Amino acid sequence: MFDPLRIALVAEGPTDRVVVEAAVNAMLPDRPFVLTQVQPEGSLVFGELGGGWVGVYRWCKQASARGGGRLSDDALLYQNYDALILHVYSRRLGIHRSGSSQNFTRGRVVSTQHTAVHAEASNLCNSFGVFLIFASIDADVAGYDYAEGSIEPDPGDAQLPCERPCPPAHDTTNALRSVVLSWCGEQAVPKRTVFCLPSKSTEAWVVAALFPDDKSMEGHIECWPRPESRLGQQPKKLRIRKSQRDYKDRVSDIEEAWSRLTEPGAIGKALRFQNELLAELTTL
Amino acid sequence: MEADSPELGDPVLELLNELRNYSIHCPNTPALRGLVQDLQARAPVGLSGGRLPEAVDDLAANEKTDPELAKRLDQVRELLDWALDFSASPSMSVPLSPSAARSRLVSQFVDRFMAKGRNKLTGYDASEGALYVLYCAALALHPKAPRCLAIDNVDQALNPRLAQRIMQMVCSWSAESDGGRQWLLTVHNPAILDGLPLGDSSIRLFTVDRNNRGHTTVRRIDLAAATESRPSEEWTLSRMWTGGLLGGVPNV
């Protein structure tokens with residue numbers, strides 16, 4: 001009997017947690033874990049509580065302050081968790097180009113290479129009983145500026161907005177990665193920390209998982225301006241709302257579809273998240 | 001276990017005896033006030049809070065001959081900043097509503113601010129936090145209290161600062177008691193954590209979570225490395241808990 005992996009998740013909202021948890025479930029089928037969404041401190045009377053990208057910003061600032069200016073020096077966080085997932089998305093980039101050459105690949109072939117990585121990570125976890133910490137942001141943050149979040153940026157905070165034309169989606173998510181790192185006082189992603197940066201929003205992953213035949217999938221779903229709008233544009237029996245309840249009802253479907261999302265050429269940011277998480281596990 | 005094993009002596013029997021008396025206490029305000037009967041009677045107090053006045057009466061009697069107990073009861077009095085003293089009185093000697101259930105004794109407090117002669121409050125009227133404090137004191141200090149026990153939601157009805165102080169005292173009394181006592185407590189008030197002297201390895205903090213498969217997981221929070229690397233005054237455990245840094249929080 002091994003201790004479960006302890007994962008801290010910094011995410012914009014509760015529905016993001018449901019999706020990230022389903023993804024990690026799919027990545028680590030043999031490894032129990034406890035995923036806890038961490039939140040910035042705050043009281044409603046002094047301003048909105050920590051939701052959305054502003055909440056992620058505040059959490060990064062508080063955690064790096066605990067670490068004397070760097071997230072990686074936050075001893076309390078890293079002592080109590082094995083991994084941190086930072087999750088942010090970049091919707092307002094939104095220069096959608098239909099007919100992109102990077103079409104979504106349908107089908108359910110699981111890469112044998114990935115399966116081998118899963119097994120290796122799982123074995124390492126089981127051998128050492130290690131934990132892990134993560135963080136998660138949707139890349140729609142890239143389209144905002146600090147003033148929209150009523151934030152007075154610190155001198156070290158990288159510039160927002162940081163949108164780039166999409167496709168390719170990774171131009172924006174890479175730019176956003178640098179922005180979030182600056183919030184954390186870091187030059188590179190710290191150990192035991194994984195960035196989860198869906199392009200536009202996590203709903204791109206949900207649409208790809210649950211509605212592979214949706215019209216948004218004909219182009220490049222990672223560059224579809226508002227993927228969450230597709231959730232309700234489905235046949236009546238299939239449509240869902242962006243709510244914890246609806247997501248939880250479909251969580252096993254998301255989990256089951258994960259291997260399809262992470263095929264090369266499918267959802268690039270999902271694959272990157274998986275690769276980085278599993279790679280981090282192998283170093284523990 | 002073999003009865004004639006030379007390794008097994010009194011300590012084992014003592015442990016088994018302690019476990020035999022183990023019980024889970026879950027006090028509630030109506031039982032502490034004596035408004036309802038505690039159906040789970042134990043000595044010195046019932047599992048729901050019954051017989052509190054009798055336990056207080058025992059402590060008050062014992063403190064006359066036990067200076068150490070007197071010192072600890074003074075610490076309890078300091079926790080009730082609005083009260084000068086507490087005691088137990090025959091219920092027939094105090095004015096009570098005819099609708100109140102009457103036990104032989106009632107808890108009584110002397111209010112610091114009310115006019116003399118009209119400054120006595122019974123357990124029916126007093127702040128419920130005061131009753132929970134007395135309940136903890138009875139379990140910690142009464143000679144008949146079980147040595148190994150659990151209290152579910154020990155922090156209910158307590159002001160955060162009061163919760164922190166009572167926890168500090170309970171830990172201190174437990175460490176000083178002859179042979180030691182073991183308490184298992186569940187709490188939901190973050191302030192309680194700030195009163196735990198976790199540098200003492202006999203005081204342990206655990207978080208309870210459910211993992212991704214719905215199984216309950218229990219984990220000890222060990223802050224040794226973190227407290228070495230950071231001055232402790234920069235942090236409060238209560239903030240860490242509410243921020244999710246310790247686990248043991250729902251994802252809401």
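## A:Lys61, A:Gln234 and the A–B interface

The side chains of A:Lys61 and A:Asp157 are joined by a polar contact of 2.6 Å. Bear in mind throughout that this is a predicted model.

Let's stay with that lysine for a moment. A:Lys61 sits in helix α2 of chain A, which covers residues 52-66. Is this lysine buried or exposed? With a relative accessibility of 19%, A:Lys61 falls under the 20% cut-off, so it counts as buried. Setting aside neighbours within four places in sequence, A:Lys61 has contacts with A:Asp154, A:Asp157, A:Ser182 and A:Trp183. There's also a long hop in sequence here: A:Gly185 is 124 residues away along the chain from A:Lys61, yet their C-alpha atoms are separated by 8.4 Å.

A second residue to click on is A:Gln234, found in the loop that runs between α6 (203-210) and α7 (244-249) of chain A. A:Gln234 counts as buried because its relative accessibility is 10%. Its side chain makes a polar contact of 2.7 Å with the side chain of A:Asp214. A polar atom of the A:Gln234 side chain also lies 2.7 Å from the backbone oxygen of A:Arg230. Once neighbours within four places in sequence are left out, the contacts of A:Gln234 are A:Phe211, A:Asp214 and A:Arg239.

Here are the side-chain pairs side by side:

| Pair | Kind | Distance |
|---|---|---|
| A:Lys61 and A:Asp157 | polar contact | 2.6 Å |
| A:Gln234 and A:Asp214 | polar contact | 2.7 Å |
| A:Arg6 and B:Asp209 | salt bridge, N to O | 3.0 Å |

Now zoom out to the whole of chain A. It has nine helices and five strands, and along the sequence they come in the order β-α-β-α-α-β-α-β-α-β-α-α-α-α. Of its 284 residues, 57% count as buried. Take the contacts in chain A between residues at least 6 apart in sequence: 78% of them join residues at least 24 apart.

How much confidence does the predictor put in chain A? The mean pLDDT is 80, and 80% of the residues reach 70 or more. Residues 92-133 of chain A are a stretch to watch, with pLDDT below 50; that stretch still has 125 contacts in the model beyond near neighbours in sequence.

Chain B, for its part, has nine helices and eight strands. Its C-alpha trace spans about 55 × 55 × 40 Å along the principal axes. Buried residues account for 46% of the 252 residues in chain B. For contacts in chain B between residues at least 6 apart in sequence, 60% join residues at least 24 apart.

So how do the two chains meet? The interface brings 28 residues of chain B into contact with 29 residues of chain A. Together the chains bury an area of about 2,400 Å², and carbon and sulfur atoms give 45% of that. On the chain B side, B:Arg219, B:Leu245 and B:Asn251 lose the most area to chain A, together 30% of what that side buries.

Between the chains there is one salt bridge, which pairs the side chains of A:Arg6 and B:Asp209 at 3.0 Å, N to O. Twelve residue pairs are in polar contact across the interface, with both residues at pLDDT 80 or more. In chain B, β7 (205-210), β8 (216-221), α8 (224-229) and α9 (237-242) each supply at least two residues of the side that touches chain A. By class, that side of chain B has twelve nonpolar, nine polar and seven charged residues.

Note on methods:
Residues numbered from 1 in each chain as written. Chains lettered and ligands numbered in written order. Heavy atoms only, no water. Contact = heavy atoms within 4.5 Å. Buried area = accessible area lost by both parts, 1.4 Å probe. Salt bridge = Lys/Arg side-chain N within 4 Å of Asp/Glu carboxyl O. Polar contact = N/O pair within 3.5 Å; in protein donor to acceptor, adjacent residues only side chain to side chain. Helix = DSSP H or I, 4+ residues; strand = E, 2+ residues; numbered from the N terminus. Nonpolar A, V, L, I, M, F, W, Y, C, P; charged D, E, K, R; others polar. pLDDT = per-residue confidence, 0-100. Buried < 20%, exposed > 50% of the residue type's maximum accessible area, 1.4 Å probe, protein only.
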